[in-house]
Amino acid sequence: MDLVLASVYRHPISDASGSVPLPTYSGSCHCGAVKFRITADIAEMTTCDCSLCSRKNALMTAVPHAALTITEGEDVLSKYEWNTKIAQHYFCSRCGVYTFHSKRMMPDHYGVNVYCLEGFDPATVPVRRTEGLGLTVADPDPRPEWRGPREK
């Protein structure tokens, strides 16, 4: 089935039946132990200036939880939580690559590392800077490196 793509934003116009199927991308960590699939129209990517995202230099796209399926290696995923522990950051325990995270501001979505996606060209989609620097640091014993206003 051939899709006609509208502009660089990769929005499918329609297929022969008139429906608009969403693209599916396969993704993996560096060593290949963690593999996943997302079914989503990647219309934008984001960067974040919080203390964690700025250190991992991630370029992400948001997808609903139901759009991401782990196909291999769930047992080798490690989880990192900090501050409010709402966001849950997943990475491969073997090679250390950040693959995706459950988002603090949209807890029903994952932020997916687009550099883990096969066949996806980040140059074709706009990037929006998101502001994580101003998110409240609620941890009772925060590190000084954790930027953001402190809860009192």
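The chain contains one helix and 12 strands in a model that is predicted rather than determined by experiment. Read from the N terminus, the order of elements is β-β-β-β-β-α-β-β-β-β-β-β-β. Of the 152 residues, 37% are classed as buried. The exposed surface of the chain amounts to about 8700 Å², with carbon and sulfur atoms contributing 52% of that area. Among contacts between residues at least 6 apart in sequence, 51% link residues at least 24 apart.

Three strands make up an open sheet, arranged in the order β3-β4-β7 with antiparallel pairing. The edges of this sheet are β3 (24-28) and β7 (68-72), each of which pairs on one side only. From one strand to the next, the twist averages 25°. Five bridges connect β3 and β4 in the antiparallel sense. Tyr25 has Ile38, in β4, as its bridge partner.

Ile38 also belongs to the largest nonpolar core, a set of 25 residues in which Ile38, Val112 and Leu117 touch the most other members. Two or more residues of this core come from each of β4 (35-39), β9 (88-92) and β11 (109-113). A second core, separate from this one, has eight residues, including Cys48, Cys50, Leu52 and Tyr98.

The contacts of Leu117, with residues up to four places away in sequence left out, are Tyr25, Ser26, Gly27, Phe36, Ile38, Ile42 and Val112. Leu117 thus touches both Tyr25 and Ile38, the two residues that are bridge partners between β3 and β4.

Methods: Residues numbered from 1 in each chain as written. Predicted model: local features only at pLDDT ≥ 70, side-chain atom pairs only at ≥ 80, totals over all residues. Heavy atoms only, no water. Helix = DSSP H or I, 4+ residues; strand = E, 2+ residues; numbered from the N terminus. Buried < 20%, exposed > 50% of the residue type's maximum accessible area, 1.4 Å probe, protein only. Contact = heavy atoms within 4.5 Å. Areas by Shrake-Rupley, 256 points an atom, 1.4 Å probe, with all protein chains shown as cover. Core = buried A, V, L, I, M, F, W, Y, C linked by side-chain atoms within 4.5 Å. Pairing = 2+ DSSP bridges. Axes fitted to C-alpha atoms, helices over the stretch in contact; angles between N-to-C directions.
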